[in-house]
Amino acid sequence: MIKFLDLHKINNRFREDFQNSFSKSLDDSRFILGNNVAKFESGYAEYCGTKYCVGTGNGLDALALILKGYIHLGKLKKGDKVIVPANTFIATVLSVLHAKLIPVLVEPNPETYNLSADLVKDQLDTDIKAIIMVHLYGQLADVESLKQLADECNLLLMEDAAQAHGAESSFNSLKAGNLSHAAAFSFYPSKNLGALGDGGAVTTNDLELAKTLRLLNNYGSEEKYTNRIIGFNSRLDDMQAAFLSIKLKALDIDNERRRTIAKAYLKGVNNSKLKLPFYDGSKNHVFYAFVIEVDDRDDFKKFLNKHHIEWLIHYPIPPHQQQALNVFSNLVLPLTEKIHKRIISLPISPVMTDRDVQTVIDLLNTY
Ligand SMILES: Cc1ncc(COP(=O)(O)O)c(C=O)c1O
């Protein structure tokens, strides 16, 4: 069996360090906003190259809190529209709805699966005040053009970087998290930087936003039992922060391993029935997922199952066709719908062996 993602093997590499940090946390007993959160926040800001990082309970909250923070600062107001990609994990769309803003779903570039400036431009109207670009599957969106468009039209630009920890722009060598006004990260266990539970963070160079987020995520409070604004409870857990600091040291090496595997797939798989992903060979992709397209996905799934290769679909139903989002049920988004019917993700992870990679390649060439 070739696992899609062997979480046990991934985390077992850090077992001793995790156990030591757990013992220390138990001794200190500062479980909420202890030193580990502050330490991780400064380490992750430094890693991303931003001035600030604010931990949150998860990635969805990180996104929603950025938007709520901008509302608090008067930069967005109820009813403003926000551009989001139509093919993304539902969290991107939900964050906009949770902030009482209006999501405008835009079709992706079918080669990169990401937002591109020309497709966004067609949708712009005067109510649109922000763009959330998602670096889907670990590949940076069309950052330079989207940034230019946002600057020209005076729009806020945000990143949903939940799948792109460490991805680096070929244009200016800046990292995901430092390519917009504010970025949201998820540390869900399967992510390239994954905790042992839920976790998230916002990175930004905007001091006012960072200060607002520190209030919003902690009951609107700087000082215990003094509440300045109507806040939420969405803090990064202190123990998770300690685990994340340990794993952060391995992130670049792990991302490099993912790229090596992706390059091996791209070089080795030669089968006209399988469309391989676009990749420019640079560090702008950290291969959270290696997503291919196939005409008859059901048949391909059966083939993989028969040969004990695990797979996943990121994602089987696009947000606008989810029951929860029936406000979009009249939308027709042919590119997004086509992608969702054809895509399937192959195993990729930093602990996958060369032998496993070769087994997958050889097998795919027989399909
Ligand atoms: C693109 C994207 N955005 C947002 C999220 C939300 O993160 P979380 O699950 O930590 O809330 C995820 C991950 O699940 C994601 O993949």
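Before I show you anything, one definition: a residue counts as buried if 20 or more other C-beta atoms lie within 10 Å of its own, as exposed if 12 or fewer do, and as partly exposed in between. Please also keep in mind that what we are looking at is a predicted model.

With that in hand, let me start with a single residue, P189, which sits in the loop between β6 and β7. Is P189 buried, exposed or partly exposed? It has 16 other C-beta atoms within 10 Å, and because that count falls between the two cut-offs, P189 is partly exposed. Leaving aside residues up to four places away in sequence, P189 touches L7, G194, A195 and L196. For a sense of distance, its C-alpha atom and that of V93 are separated by 21 Å, and the two residues are 96 apart along the chain.

The strands on either side of that loop belong to a sheet of seven, so let me turn to the sheet. It is open, its pairing is mixed, and its strands follow the order β1-β7-β6-β5-β4-β2-β3. At the edges stand β1 and β3, residues 102-106, and since each has a single partner strand, one side of each is left without a neighbour in the sheet. On average, and ignoring direction, neighbouring strands here are turned by 25° against each other. If we look at one pair, strand β2, residues 81-85, runs parallel to β3 and is joined to it by five bridges, with K81 standing opposite I102 of β3.

Which helices lie on this sheet? One of them is α5, residues 90-98, which packs on the sheet and touches β2, β3, β4 and β5, its direction making about 170° with that of β2. Its buried residues are A91, T92, V93, S95 and V96, and these pack against helix α4 as well as against β2, β3, β4 and β5. Just after α5, we come to K100, which takes a positive phi of about 60°. Another is α8, which lies across β1, β6 and β7 and runs at about 20° to β1.

How, then, do α4 and α8 meet? Two packed helices are described by the angle between their axes and the distance between the axes. Helix α4, residues 59-72, and helix α8, residues 207-216, pack at an angle of about 110° with their axes 9 Å apart, and they are therefore roughly perpendicular to each other. Their crossing is right-handed. From α4, the residues L65, K68, G69 and H72 meet L209, T212, L213 and L216 of α8, and by class this contact has four nonpolar, three polar and one charged residues.

Next comes α9, residues 238-248, of whose 11 residues eight are buried, so this helix is largely enclosed by the rest of the structure. The buried ones are D238, M239, Q240, A241, A242, F243, L244 and K247, and they pack against α2, α3, β1 and α10.

Finally, there is a sheet of three strands, also described as open, in the order β10-β11-β12 and with antiparallel pairing. Its edge strands are β10, residues 274-275, and β12, residues 343-346, each of which pairs on one side only. Strand β10 is joined to β11, residues 290-294, by two bridges, and the bridge partner of L274 in β11 is V294.

Definitions and conventions. Residues numbered from 1 in each chain as written. Predicted model: local features only at pLDDT ≥ 70, side-chain atom pairs only at ≥ 80, totals over all residues. Pairing = 2+ DSSP bridges. Helix = DSSP H or I, 4+ residues; strand = E, 2+ residues; numbered from the N terminus. Contact = placed C-beta atoms within 7 Å. Axes fitted to C-alpha atoms, helices over the stretch in contact; angles between N-to-C directions. Parallel < 35°, antiparallel > 145°, perpendicular 65-115°, else oblique. Left-handed = near helix turned anticlockwise from the far one by under 90°. Nonpolar A, V, L, I, M, F, W, Y, C, P; charged D, E, K, R; others polar.
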